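Colleague: Got a minute to go through this structure with me? I have some quick questions.

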Amino acid sequence: MPKDTLQSTVERMSIKPVSQLARQWQAVDDLAGRVRRHLRPLFMTLNFSSIKPDSPWLSAVAWVNGIFAIAHFPALLL
């Protein structure tokens, strides 16, 4: 087998197809800007409530809102 043919064959065999998981993460990365621009302000504006005051979901929402506020106003870190 000629050297050029062998080299091109090895290159084709060494390139792995993109996995489904990699495609899913690429889709998440592509949507991150839209989430930041559209969903984050909406999420911070809405007031969530629950019939269970000790709901872990409300705690998670409060935590996320705190993280978003810090990211939006870095002076809150001081």
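**Surface patch and helix 2**

Modeller: Leu31, Val35, Leu39, Leu42, Leu46 and Phe48 make up a nonpolar patch on the surface, and their accessible area together is about 530 Å². Keep in mind that this is a predicted model.

Colleague: Take Leu46 from that patch. Where is Leu46 placed?

Modeller: Leu46 sits in the loop between helix 2 and helix 3, and helix 3 covers 56-72.

Colleague: How does Leu46 count for exposure, and why?

Modeller: Leu46 counts as partly exposed, because its relative accessibility is 40%. The partly exposed class runs between 20% and 50%.

Colleague: Now helix 2. How many residues, and what does it reach from first C-alpha to last?

Modeller: Helix 2 spans residues 20-45, which is 26 residues. It reaches 35 Å from its first C-alpha to its last, close to the 38 Å expected at 1.5 Å a residue.

Colleague: Where is the kink in helix 2 centred?

Modeller: On Val35, with a kink of about 50 degrees. Val35 is also one of the residues in the nonpolar patch.

Colleague: What about Thr45: buried or exposed?

Modeller: Thr45 is exposed, because its relative accessibility is 61% and the cut-off for exposed is over 50%. Thr45 lies in helix 2.

Colleague: Which backbone atom does the Thr45 side chain reach?

Modeller: The backbone oxygen of Pro41, at 2.7 Å.

Colleague: And how far apart in space are Thr45 and Asn65?

Modeller: They are 9.4 Å apart, C-alpha to C-alpha, with their positions 20 residues apart in sequence.

Colleague: Stay in helix 2. What do you have on Arg40?

Modeller: Arg40 lies in helix 2. Arg40 is partly exposed, because its relative accessible area is 24%. The C-alpha atoms of Arg40 and Ala69 are separated by 9.9 Å, and these residues are 29 apart along the chain.

Colleague: Change of topic. Where is Ser55?

Modeller: Ser55 is in the loop between helix 2 and helix 3.

Colleague: Is Ser55 buried or exposed, and why?

Modeller: Buried, because its relative accessibility is 7%, and buried means under 20%.

Colleague: What does the Ser55 side chain reach?

Modeller: The backbone nitrogen of Trp57, at 3.2 Å.

Colleague: Last one, Gln7. Which helix holds Gln7?

Modeller: Helix 1, residues 3-14. Gln7 counts as partly exposed, because its relative accessibility is 44%.

Colleague: What separates the C-alpha atoms of Gln7 and Gly33?

Modeller: A distance of 41 Å, for two residues that are 26 apart along the chain.

Technical notes: Residues are numbered from 1 along each chain as its sequence is written. This is a predicted model: local features need pLDDT of at least 70, side-chain atom pairs count only at pLDDT 80 or more; totals for chains, interfaces and linings use all residues. Side-chain values use heavy atoms; hydrogens and water are left out. Helices (H or I, at least four residues) and strands (E, at least two) are DSSP runs, numbered from the N terminus. The expected span of a helix is 1.5 Å times one less than its number of residues. The bend at a residue is the angle between axes fitted to the seven residues ending there and the seven starting there. Buried means under 20% relative accessible area, exposed over 50%, partly exposed in between (1.4 Å probe, protein chains only). A polar contact is a pair of N or O atoms within 3.5 Å; within protein, one must be able to donate a hydrogen and the other to accept it, and residues adjacent in sequence count only if both atoms are side-chain atoms. Patches are made of residues with over 30% relative accessible area and no salt bridge: like charges are joined within 9 Å, nonpolar side chains (Val, Leu, Ile, Met, Phe, Trp, Tyr) within 5 Å. Accessible areas come from the Shrake-Rupley method with a 1.4 Å probe; for residues, only the protein chains shown count as cover. A salt bridge is a side-chain nitrogen of Lys or Arg within 4 Å of a carboxyl oxygen of Asp or Glu.
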